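Subject: Handover of a structure and the findings from it

Dear colleague,

Please find the structure below for your records. A summary of what was found in it follows.

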Amino acid sequence: MLLNYFKIAVRSLLKHPSFSFINIAGLSTGLACSILILLWVNDEVTFNQYFPKYDNIYKVRLNASVDKGIVTGESVPYALKDVLPEKDSRIKRTVRTNWGEGALLAVGDKKLNKVGLWATESFFDMFGFEMLKGTPRALDDPRSIVLTASLAKALFGDEDPLNKMVQIDNQGELKVTGVVADLPENTTFSQHEFFISYGYYELTQSWVGNVKDRWDNNVSQVYVELQPGTPVAEVDDAIRGIIAERNPDLSNVSLFLHPMSHWRLYSYFTNGKESGGMILYVQLFTGIAIFILVIACINFMNLATARSERRAREVGIRKSIGSRRKDLIFQFLGESILLAVLAFLVSIVLVELLLPLYNQLVSKQLTINYSSPTFWLLGLGLTVATGVLAGSYPAFYLSSFNPVQVLKGKVQVAGRSATPRQILVTLQFVFSILLTIAAIVVYQQIEHLRKREVGYDRENLLLIWTTSDIEKNYRALKTELLASGYAESMCKSNSPVTAIFSTNTLDDWPGRQEGQRIEFTTIATEYDYTKTLGIRLLQGRDFSPEFPSDSTAILVNQATVDVLNLENPIGETVKMWEQDWHIIGVTENILMGAAHRPIEPMIMVMSPTWSSTISVRLRPGGELSETLAGVETIFRKYNPAYPFEYRFADQEFEQKFATFNMIGRLSNAFTILTLLITALGLFGLASFATEQRSKEISIRKVMGASVASLVLLITRDFSRLVLIAFVIAAPAGWYFMNQFLERYAYRVEIAVWVLPAAGLSALALTLAIVSAQALKSAAGNPVDSLRSE
C-alpha cells in the first residue's frame, strides 16, 4: 500500500513538472537561506563555548561615574588580581593578562611576527585549553612560552618543540613549555598564537613596577573563575567597592563581573548597563531567517492547496470505486510530505554549494554538522510539519466530499480556500516589505557612518608598529626618510590614529565642580603629529622644539573645550597625573574609536618614550610601489631584525566597518532571495488564477472586453493584497528599524521615501509577474477555452 502511495505521488509530481519545480525551488531556496543564516547565528551564540568552564568564567569590568554618565571599561588596576580572592572565598582562581601584543619570534633563520598574550600562571587551568604538550601550569616559569600547534609547526617543523628556545623581539630567549591546540575562530583568544608568562612582562617592562601598587592606573585585564553554582550578584556586591576602599579619590569607580556568555553578544555598554553587541545582529538575522522560512512555507502551502482544488473529481472517482477516506488522507499527506522532503534534500545540496562563497562573505569557516541529532530533528521536523500543513487542506477537506455530488458537478471548491490563501499571500507581502525596509535602512546607516567626518587625512598615510630598534634609531630614521623624498612627514604615538589605546581622567581644571570627573582619550606623541596626520588646528599651535616648556604642554580637541566649558582655552591650566599642564592648541575632533560612537574628549601630551606606532605621510604623486620599496629600504637599515610590515590608514579605518559591511551584504542578499521566493510563489498563484478564470476571461473577451481591461481585472485582486500588506508592514517596519537605530549614538534618520519605496517595489514585482500571466491568458483565443461549453 505504501509503495502504491509513493508511485501515485511520484506520478502526480511528474504530471505537473512546472508546479513541482516552483514548489520545490521556492521551499528549498527558503530552507537553504534559513540554514545558512542559522549556521551564522549558531556560531555567534556558541561563542566561547569551546572552553569547559564557560559557565563559571567572568571578566572583571569597572564602571566609572563621570559627567556624561557611567563609563564602562575593561582595564583594571594591576593589583586587583591578588585582592579579589580575599573578598569572597567562592572565587576559585584569578588571572591577569595584557591586551595582547605583536612580537617577533625567531628560531634560527625563521622569523615570524605574531600576536600573543601575556598571562599569569593559572591561565590554562582556568580556561581549559587542550594541551598537546606540557601541562596547564606551563606558564609558572617567568621565561616560558606556550605555542599553538600551527605556530609550533611553523617554527620547528616536525621537531618536538618542548624545552626548545625561542628568541623574542631580537632580545631575550624563552623556553617552550607547552603546545596547545589551535582555537576555534569563535573564541575570544583565537587571534593569539602564543602565550607568555606575565612574569616576563615584569622582568622586561620597567613601567610595571611603577603601577603595581597604584589603584588609579588601569593597565590589565583580570578574569575570575567562580565555584559552580555561585550567585554572581553576591560576588558583585563583595567586590564592588574594592578600588574605592584602596583609593578614596576613586569613590566613583565600582567593579562587577561580566559573564563569558556575554563577552561577544553583549559587549556594548551605555550608562553602565549592557546595551547590545552582536546580539543585535543575531536577533536581526534570526528574524530574517524566520521571515524567509515563513514566506517559503506560505508559498508551498498556497500552491499545494491551489493545485488540490483541481483534484475534487479525482476524489469523487476514487471514492466511488472503493477508496476509504483515510486512504485519501494518507495519499494527499504523503504527496505533500514527499515534496517537502525533496525540497529539504535540495536545500542541503544548495547549502553545500554556497558555503564556500558564504564563508567568504561572513569571514568564518562554517560547516553543517551532519552528526548532530539536533540538525536532523529540526530540519526534518520542520519539513514534515510544512508538508502536513500544506497537505491538510486536500487531505481532510477534499476527502470529505460526497462522490455523487462531486461527479455531478454540484460541489464548488474553488472559492472555499480563497480567503485563507489571500490572508497567507498578504502575510507573505508583509514580510517581504519588512525585509525590504530593513535592507534599505541598514544600507543607509552603513553609508551614513562611512561618510562621517573623521578629522584627519587617511590618504597616503602609512602605519607601522614600532620596535626597540626603531625607538633607538628614531631620529636618524626620520631624518633619512624625509631627506629621501619618499615621505612628507613622520611622527610616533602611543596608538594608531584608528584606535584608542589609553584613557585618563583630569584631576582639576578651571570651573571644575566638586566631585566632577571627565574621561579623556590620551594621545602620547612628539613633534609633527598634526602635520603628519593632516589634523586641522582650530586655535593655538602644535608642539615645537622651539618651546622647551612643551614638555608640560597639551593639545585638546574641540570636544574637550566643549565639555570643560572653556571660552578661551589657550593658556588655561589643567591638572593630570598630579602635575599641571597648559593648553597650547585646539584641534578639530578626530574619530579614533568606533564609527557609531560619539567622539570622545581628547588630550595630546608630549611623551616621546611612550609609543607603539609610527605614522608616515607618503609624498603624493609618485609610483606607490617604488615609494614603498624606498621606505622599506630605509626601515630595514635601522630595523634589520624585523620584517617591514605596514598598514594603510584608510584600509585600517575600513576595518571599523567589517561587521557593518558583512551585515549589509547579508541583508541585501537575503532580501533579494526573499523577493525571488515571493516571485516564484506569485508566478505559480498567478498561473493558477488565470487558468481558473480562463472561461470567464474568454466570455468577457467575446463580449468585447479589451486586453487591458482583462489584465486590470486580474491584477486588481493581487494589488489590493499588496496595499493591505503595506498598511500593516509600513508602521511595523518604521517602529522596528527605529528600535534598531537607537542602539547607535551616531545614526541616520529613516527617510520619508523609504516606506513608500519598499511598498512600491512589492507592488511593481506583483504587477510585473501577474500582468505577464494575465496578458498571456487575455491574448489567447477564447474558442480554446469555450470549446467544451
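How many helices and strands are there in the chain? There are 26 helices and 26 strands, where helices (H or I, at least four residues) and strands (E, at least two) are DSSP runs numbered from the N terminus.

Two notes on conventions come first. This is a predicted model, in which local features need pLDDT of at least 70 and side-chain atom pairs count only at pLDDT 80 or more, while totals for chains, interfaces and linings use all residues. Residues are numbered from 1 along each chain as its sequence is written, and side-chain values use heavy atoms, with hydrogens and water left out.

Overall figures

The chain has 789 residues, of which 51% count as buried. Buried means under 20% relative accessible area, exposed means over 50%, and partly exposed lies in between (1.4 Å probe, protein chains only). About 35,400 Å² of the chain is exposed, and carbon and sulfur atoms supply 56% of that area; accessible areas come from the Shrake-Rupley method with a 1.4 Å probe, and for residues only the protein chains shown count as cover. Among contacts (heavy atoms within 4.5 Å) with a separation of 6 or more, 79% are between residues 24 or more positions apart.

Two buried positions

Ala725 is found in helix α24, which covers residues 707-741. Ala725 counts as buried because its relative accessibility is 0%. Neighbours within four places in sequence aside, Ala725 is in contact with Thr426, Phe429, Val430 and Ile433. The C-alpha atoms of Ala725 and Gly759 are 8.5 Å apart, with the two positions 34 residues apart in sequence numbering.

Thr498 is placed in the loop between β17 (487-493) and β18. Its relative accessibility is 7%, so Thr498 also counts as buried. With neighbours within four places in sequence left aside, the contacts of Thr498 are Tyr456, Leu463, Met592, Ala649, Glu652, Phe653 and Lys656.

Charged groups

The structure holds 35 salt bridges, a salt bridge being a side-chain nitrogen of Lys or Arg within 4 Å of a carboxyl oxygen of Asp or Glu. Several of them are described here.

- Arg450 and Glu447 meet through their side chains at 2.9 Å, N to O. The two residues are three apart in helix α15 (residues 418-450), so about one helical turn separates them. Arg450 is partly exposed, at a relative accessible area of 22%.
- Asp82 and Lys81 form a salt bridge at 3.1 Å, N to O. Asp82 is partly exposed at 46%, whereas Lys81 counts as buried at 9% relative accessibility.
- Glu159 and Lys164 form a salt bridge at 3.3 Å, N to O. Lys164 is partly exposed, with a relative accessible area of 30%.
- Asp43, Glu44, Arg264 and Lys364 are linked in a network of salt bridges.

On the surface, Asp249, Asp507, Asp508, Glu578 and Asp580 gather in a patch of negative charge. Patches are made of residues with over 30% relative accessible area and no salt bridge, with like charges joined within 9 Å and nonpolar side chains (Val, Leu, Ile, Met, Phe, Trp, Tyr) within 5 Å. Lys and Arg count as positive and Asp and Glu as negative, while His and the chain ends are not counted; the place of a charge is NZ of Lys, CZ of Arg, CG of Asp or CD of Glu. Within this patch, Asp507 lies in the loop between β18 (503-505) and β19 (519-525), and Asp507 is partly exposed at 33% relative accessible area.

With kind regards
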